Structures are given as C-alpha cells and as structure tokens.
Amino acid sequence: MDGLSIGQVAERTGLSVHALRFYEREGLLADAVRRESNGRRVYTEDDVDWLNMCIKFRSSGMPLDTIRKYTELVRRGAGNEADRLALLKSHQDYVRAQIEELNECLNVITWKVDIYQQHVDAGTADCLWVAPSTQTASEAS
C-alpha cells in the first residue's frame, strides 16, 4: 500500500482515529480521502500537512465552521484568495487579542509570584492572604 493508514495518520497528528473520521465526515479535509478496494482509508502527506494546520487552527480557537469555510474556499481553487486572506486575518486578530489577554494574566501571576517569593525568602509568608475563616477575632479587626 502506498500512502498512510488512518492509524499512521493518527500517530503522526496526535488525533484519534475517531477524530480523523470526524474531520473527514465534517468536510474539513482539503481533498477527499482515497479508499482502497477493501474500503480502508489511504491518506497522503498533504493530508497530514493539512490536518496539522487544522489542529493549529483549532488549538488557537478557530471554530469548526470557520475551518470548514476556509476548506471550502481552498477546494474551490483560484479566485477567492482575498476571501481566504480575510478569514485568516480575522483569526490572526483574534489570536493576537488572546495573546494580549494571556500576557495580562501572566503579568498578574508574575506580580503575585514575586510577592510570595519575597515573603518566603524573608520568612514572612504566613501573613499572605489569610482566609477570613482562619483569622482570629483580634486579627479580623
């Protein structure tokens, strides 16, 4: 057999066999998966590359409908590059906003880590964020 079995593609992409079937059923592959005479799927290196790109799209929050739309545009061939570009730029903006939000979160966490590190190093960590239910009456006032 030339090409790759569904198990080999699952191993190479990290997707389960079930997920690969789902991607195919949902129309998320750029090309139809070839079948052997016994019905077994035969994938190509291009399929693996496409799936790896789709995995990155999903990991970055791109909805399946958007991946499907992008796939359909690619399947249609030349003439819709501006539409593909707009779709990709829109997702790029979304990912950049996610990164900005995560950087803000990281800044808060880094600030808290620095405070805790200073107090742990100084031996004064027992005063950090005491829950109200653990305070004595004199500490609460």
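1. Two rings of Phe, Tyr or Trp (for Trp, its six-membered ring) count as a pair if their centres lie within 6.5 Å; planes under 30 degrees apart make the pair stacked, and planes over 60 degrees apart make it edge-to-face. The structure discussed here is a predicted model. Searched as a whole, it yields three aromatic pairs.

2. One of the pairs joins Phe 22 and Tyr 23, with ring centres 6.4 Å apart. The planes of Phe 22 and Tyr 23 stand at 70°, so this pair is classed as edge-to-face. The two residues are covered to differing degrees: Phe 22 has a relative accessibility of 25% and counts as partly exposed, whereas Tyr 23 is buried, at 7%.

3. Trp 50 and Tyr 70 form a stacked pair, with 5.8 Å from centre to centre and 15° between the planes. Trp 50 belongs to helix α3, residues 45-59, and Tyr 70 to helix α4, residues 64-76. The pair therefore ties together parts that are 20 residues apart in sequence. Trp 50 and Tyr 70 are both buried.

4. Which residues are linked into a cluster by ring pairs? They are Trp 50, Phe 57 and Tyr 70.

5. On annotation: an unreviewed UniProt entry lists residues 3-73 as "domain: HTH merR-type". In the model, this span is 59% helix and 6% strand. The C-alpha atoms at the ends of residues 3-73 lie 25 Å apart.

6. As for secondary structure, the chain has six helices and two strands. Read from the N terminus, the order of elements is α-α-β-β-α-α-α-α.

7. The overall dimensions should be read together. The chain has a radius of gyration of 25 Å, while a compact globule of 141 residues would have one near 14 Å. Along the principal axes, the C-alpha atoms fill a box of roughly 80 × 35 × 25 Å.

8. Of the 141 residues in the chain, 26% are buried. The exposed area of the chain is about 9700 Å², and carbon and sulfur atoms supply 54% of that area.

9. What share of the contacts with a separation of 6 or more comes from residues 24 or more positions apart? For this chain the share is 51%.

Methods. Residues numbered from 1 in each chain as written. Predicted model: local features only at pLDDT ≥ 70, side-chain atom pairs only at ≥ 80, totals over all residues. Heavy atoms only, no water. UniProt positions renumbered as here; feature names shortened; annotations may be inferred. Helix = DSSP H or I, 4+ residues; strand = E, 2+ residues; numbered from the N terminus. Buried < 20%, exposed > 50% of the residue type's maximum accessible area, 1.4 Å probe, protein only. Rg over C-alpha atoms; globule rule 2.2 N^0.38 Å. Contact = heavy atoms within 4.5 Å. Areas by Shrake-Rupley, 256 points an atom, 1.4 Å probe, with all protein chains shown as cover.
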